[in-house]
Amino acid sequence: MEKIEGLQEDVVRLISLNFGEKSGNLFNNFYDHETPEVMLASARELLAELLGPARTEIELEVIYKKYNIQK
Amino acid sequence: MKPKSTIFAVLFVVFLLTFFLYFFRIGADHNAQLINFVYVFIPLFSIVGGLYVVGEYTLTNPHGKAAAYITAGLVMWFIGEVIYYIYAFIFHISPYPSISDSAYILGYPFLLKGFLMELKIAKTNWANINRGVVMLVGIATFVLAGLVVYFGEYIAYDPSSSLLENSIKIAYTAGDILLLVPAIFLLKLGIDYKGGKLFSAWLAIFFAVFATLWGDILFAVYTTPYELSIWPYTLIDLLWIFSYLMFAYGFFTTAFSLRDIHEKLLKSLKK
């Protein structure tokens, strides 16, 4: 999947909201050169660790819908 | 041992020690002074935990702000405990009613604000819950609110007491009811996090609010024997101690989980 305009910012915002800005910045640096699939898979993994799988899907659903991404 | 297990063990040991102190009246004639001295320090666990969470999220984060409000509420309660101790055991003046009650009562709006902020961020979805469960929760809330009013007001109301004393009892009951409703939502919030590290954290905070509620009800009903440090009425403290330690557990679990994830990301960056 090609880079999608705005997707990384939204995922980083979600990470920052749930883990704090420090983690959001780290996530941003680390996934700056990764594909959207890798970035989303990592975000899902991290979010699930804290929020559990059901809540994670609810949080990510907004992003999937906004960018019309198939799960 | 993981930090989460360590803090659980520490809080469990603290509760066990205070339980023995209260239950077996260790220290004989000086037990009242001893238990109240120990009791004053217990809220510090929850305050340190709360500050740790605020530090991890920072105040620019909405969860951080919510944690700051909840911690501010606990600080108010701690101030109340300290003033109560000073009145009762240093000045030997009846601490109820006193300025300590103002501090306790002021804690409620802070806690309420924090809980409401957290619930707003979580955007709890009630649509995916069984209607029967929602109805049961609704009935349980109604019954609990009724019990709070009955024991906290009707039974506790004493026509021979001063207007101030009875007003303070009413204020406590109002504060408890204000906390009861978001507490039920906190339970739902905790359940939403099932499978995640925040599950046990929010469940602990729910139990903390619930324990405070019962402590306040019993205090309202047995104010006089409690004030006179008559056993077993002093055991009411154990509910509040449990509550503070549950707040602490919820906060520390959250902070350690955030730190874990932060370190995981740091390791990924270093690879």
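These notebook entries record what I looked up in the structure, which is a predicted model.

**Entry: nonpolar surface patch**

I began with the surface of chain B and located a nonpolar patch of about 730 Å². Its members are B:Phe8, B:Phe12, B:Leu16, B:Phe20, B:Phe23, B:Phe24, B:Ile26 and B:Leu34. I then asked which helix gives the most to the nonpolar patch. Helix H1 of chain B, residues 3–23, does so with 5 residues. I checked B:Phe12, which lies in that helix; its relative accessibility is 46%, so I noted B:Phe12 as partly exposed.

**Entry: aromatic pairs**

I counted aromatic pairs next and found 28 over all chains. I looked up B:Phe19 and B:Phe20: the ring centres are 6.1 Å apart and the planes stand at 75°, so I recorded the pair as edge-to-face. B:Phe19 is partly exposed at 29% relative accessibility, and B:Phe20 is partly exposed with a relative accessible area of 37%.

I also looked up B:Trp77 and B:Tyr244, an edge-to-face pair with 6.4 Å centre to centre and 75° between the planes. B:Trp77 belongs to helix H4 (residues 62–90) and B:Tyr244 to helix H10 (residues 236–270), both of chain B, so this pair ties together parts that are 167 residues apart in sequence. Are these two residues buried or exposed? B:Trp77 has 5% relative accessibility and counts as buried; B:Tyr244, at 3%, is buried as well.

Ring pairs further link B:Phe15, B:Phe19, B:Phe20, B:Phe23, B:Phe24, B:Trp231 and B:Phe242 into a cluster. Of these, B:Phe20, B:Phe23 and B:Phe24 were already listed in the nonpolar patch.

**Entry: charge over a ring**

I examined B:Tyr69 and found the charged end of B:Lys113 over its ring, 5.6 Å from the ring centre.

**Entry: backbone**

I returned to B:Trp231, a member of the ring cluster, and noted a cis peptide bond that joins this residue to B:Pro232, with omega about 10°. B:Pro232 is in the loop between helices H9 (223–227) and H10 of chain B.

I then looked up positive phi values in residues other than glycine. A:Asn68 has phi near 50°. This residue is found in the segment after helix H4 (53–66) of chain A, and its 65% relative accessibility makes A:Asn68 exposed. In chain B, phi of B:Thr58 is near 70°. B:Thr58 lies in the loop between helix H3 (43–57) and H4 of that chain. At 26% relative accessibility, I entered B:Thr58 as partly exposed.

Methods. Residues are numbered from 1 along each chain as its sequence is written. Chains are lettered from A and ligands numbered from 1 in the order in which they are written. This is a predicted model: local features need pLDDT of at least 70, side-chain atom pairs count only at pLDDT 80 or more; totals for chains, interfaces and linings use all residues. Side-chain values use heavy atoms; hydrogens and water are left out. Patches are made of residues with over 30% relative accessible area and no salt bridge: like charges are joined within 9 Å, nonpolar side chains (Val, Leu, Ile, Met, Phe, Trp, Tyr) within 5 Å. Accessible areas come from the Shrake-Rupley method with a 1.4 Å probe; for residues, only the protein chains shown count as cover. A salt bridge is a side-chain nitrogen of Lys or Arg within 4 Å of a carboxyl oxygen of Asp or Glu. Helices (H or I, at least four residues) and strands (E, at least two) are DSSP runs, numbered from the N terminus. Buried means under 20% relative accessible area, exposed over 50%, partly exposed in between (1.4 Å probe, protein chains only). Rings of Phe, Tyr and Trp (its six-membered ring) pair if their centres lie within 6.5 Å; planes under 30 degrees apart count as stacked, over 60 as edge-to-face and the rest as tilted. A charge sits over a ring if NZ of Lys or CZ of Arg is within 6 Å of the ring centre and within 35 degrees of the ring normal.
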